[in-house]
Amino acid sequence: MAKEKSIQIPRGMRDILPEEQKYWRYVMKKAEPLLEFFGFEKIETPILESTELFQRSVGEETDIVEKEMFSLKTKGGDSLTLRPEGTAPTVRAYIENGLSVRPHPIKLYYSGPFFRHEQPQKGRYRQYYSIGIETIGDGSEAVDAELIFLGYKLLSSFGLDGYNVHINSLGDSSCRPAYIKALKDYYKNRLKKVCVTCKVRFKTNILRMLDCKEDVCKEIAKDAPQMIDYLDDDCKKHFKHVLEFLDEAKVPYILNPHLVRGLDYYTRTVFEFLPEENITAQSAVISGGRYDKLVEQLGGSKTPAAGWGMGLDRIVEALKEKNINVPDLRPKPKVFLVQLGEAAKKKSLLLFEALRKAGVETKSSLGRDSIKSQLRIAHRLGVKFTLILGQKEALDETIILKDMDASTQETIPLEKIVDEVKKRLKA
RNA sequence: GGGGAUAUGGUGAAGUGGUUAUCACAGCGCUCUGUGGCAGCGCGAUCACGGGUUCAAAUCCCGUUAUCCCCCCCA
């Protein structure tokens with residue numbers, strides 16, 4: 001008979017097998033209490049959102065919207081998209097559920113899968129996992145600083161250190177236009193030299209020319225005017241205060257005038273957490289910033305906000321690379337129940353249930369008949385005790401209790417076995 | 001979108017023109033209805049797919065696909 005062709009996982013997706021789960025649990029178990037302590041409350045939004053949500057927030061000219069969205073048409077003809085990021089859905093939920101009437105700021109966190117149709121590689125998957133936090137309704141410097149501080153604390157709570165915060169300010173609508181104009185003037189005469197994509201960026205998203213990785217463009221960007229010199233008084237003060245907070249909190253940061261981020265909604269503060277060494281394109285583990293215009297843009301009232309997202313796949317990768325000790329929380333069986341013969345097999349079901357009720361982690365292999373193979377499994381599982389219920393024992397209402405380490409065994413009345421096991425496990 | 005590497009049982013590897021395609025680990029079965037932690041034996045691969053060269057191809061050539069890595073970009 002011809003074997004059926006097997007089906008492969010789609011590109012850029014991966015399975016997280018049982019033995020991998022400990023890393024993901026570890027991260028969530030560390031993160032959630034810390035986030036909640038800082039006043040963030042959990043929100044869940046759907047995986048699918050209206051495509052327009054991302055077009056209007058992330059921006060039509062960004063790579064994400066231009067070429068990286070998994071979009072689909074519903075039977076009714078609507079265009080939906082697998083969420084490529086978490087901020088826009090959270091803001092949508094904030095507006096739609098009238099959270100604006102609650103005391104501000106509203107502090108929310110979320111976690112789950114996100115989707116971008118990119119070329120997969122190390123630390124970058126088409127389905128990736130992320131935790132994000134957003135503080136909506138407070139424009140003050142303290143919020144930016146708190147977000148960054150919390151990101152820093154989270155990383156160290158995982159046991160990860162050696163990250164720097166790369167930070168910049170993009171100004172806002174009152175000062176950025178003047179800067180854009182200065183950039184245009186600067187690049188106008190040098191347009192012949194820059195790369196093809198930058199020629200397009202010049203028209204659509206000139207800020208992105210600053211973080212182009214082409215050597216020629218980098219060279220030109222070096223001497224380009226910097227936003228920091230064009231910030232108006234409010235923005236300048238805001239940025240200065242954020243940095244003062246970071247100094248005070250001893251969060252290591254690096255000013256990076258070329259950090260602009262690939263999403264259109266950012267204003268003022270933008271930041272990324274990057275490792276001290278071996279920075280590649282996929283190194284950012286946390287990134288975010290302030291987005292004071294986004295709530296309005298999505299139909300809410302004028303509300304400042306800021307947040308960040310953390311790439312869990314990259315965190316897990318780092319935990320493994322740094323050999324951080326992550327506890328395996330899977331329950332370990334303490335007792336294995338061996339049965340021999342029909343009568344014993346029937347009795348063993350009830351005994352198994354009695355042990356479960358008593359809170360004793362028990363495994364058995366009812367499908368197997370030979371004592372040898374059952375004991376071998378018990379050994380592999382590393383149980384402390386094996387209970388052997390054979391034909392003779394079933395008849396006598398007794399059972400053998402075998403200590404696997406000591407290789408000793410004794411016969412015990414069946415009715416006493418649960419208590420006896422409990423007692424010995426405690427000892 | 002561009003570049004590089006790789007593809008052999010479930011996993012990891014060996015095999016560089018002629019082997020029943022080898023080994024280790026895991027799985028399953030049997031020896032085995034009464035005892036595990038180094039028992040023995042067995043089962044399990046159309047050598048990614050398609051074509052070509054050759055008396056002969058896992059091995060050489062071409063194409064396709066997939067995966068991984070890098071660039072672009074992002075978390």
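These are my notes from looking around a predicted model.

**Entry: the sheet**

I began with the strands. Eight of them make an open sheet with mixed pairing, and I wrote the order down as β1-β5-β6-β11-β10-β9-β7-β8. The edges are β1 (41–42) and β8 (253–255), each pairing on one side only. Next I looked up how β10 and β11 run. Strand β10, residues 286–290, pairs with β11 in the antiparallel sense, over five bridges. I picked out one bridge: Ser287 has Gly309 in β11 as its partner.

**Entry: helices on the sheet**

Two helices caught my eye here. Helix α4 packs on the sheet and touches β5, β6 and β11, and its direction makes about 45° with that of β6. Helix α5 (residues 141–157) also packs on the sheet, touching β6, β7 (163–169), β9 (267–275), β10 and β11. The direction of α5 makes about 15° with that of β11.

**Entry: a closer look at α4**

How many of the ten residues of α4 are buried? I found seven, so I noted the helix, residues 87–96, as mostly covered. The buried ones include Thr87, Pro89, Val91 and Tyr94. What do they pack against? Besides strands β2 (48–50), β5 (106–115), β6 (127–136) and β11 (305–311), I listed helices α2 (51–57) and α10 (294–297). After α4 comes Gly98, with a positive phi near 65°.

**Entry: the nonpolar cores**

A reminder to myself: in soluble globular proteins, nonpolar side chains tend to be buried together. The largest nonpolar core in this model has 80 residues, and Val27, Ile148 and Ile315 have the most contacts inside it. Helix α5 gives the most to this core, with seven residues. I followed Ile315 further: leaving aside neighbours within four places in sequence, Ile315 is in contact with Val27, Phe158, Val285 and Met310. Apart from this core lies another, of 18 residues, with Val338, Leu351, Leu355 and Leu401 among them.

**Entry: Val360**

Last stop, a loop residue. Val360 sits between α12 (342–357) and β13 (362–364). Why does Val360 count as partly exposed? I counted 17 C-beta neighbours inside 10 Å, and a residue needs 20 or more to be buried, so Val360 falls short of that. Not counting residues up to four places away in sequence, Val360 touches Lys334, Val335, Leu355, Val421, Lys422 and Leu425. I checked the Leu425 pair too: Val360 and Leu425 are 65 residues apart in sequence, yet 8.8 Å apart in space, C-alpha to C-alpha.

Terms used
Residues are numbered from 1 along each chain as its sequence is written. Chains are lettered from A and ligands numbered from 1 in the order in which they are written. This is a predicted model: local features need pLDDT of at least 70, side-chain atom pairs count only at pLDDT 80 or more; totals for chains, interfaces and linings use all residues. Helices (H or I, at least four residues) and strands (E, at least two) are DSSP runs, numbered from the N terminus. A residue is buried if 20 or more other C-beta atoms lie within 10 Å of its own, exposed if 12 or fewer, and partly exposed in between; C-beta atoms are placed from the backbone. Two residues are in contact if their C-beta atoms, placed from the backbone, lie within 7 Å. Two strands pair if DSSP finds at least two bridges between them. Axes are lines fitted to C-alpha atoms, for helices over the stretch in contact, and angles run from 0 to 180 degrees between N-to-C directions. A nonpolar core is a set of buried Ala, Val, Leu, Ile, Met, Phe, Trp, Tyr and Cys residues joined through C-beta atoms within 7 Å.
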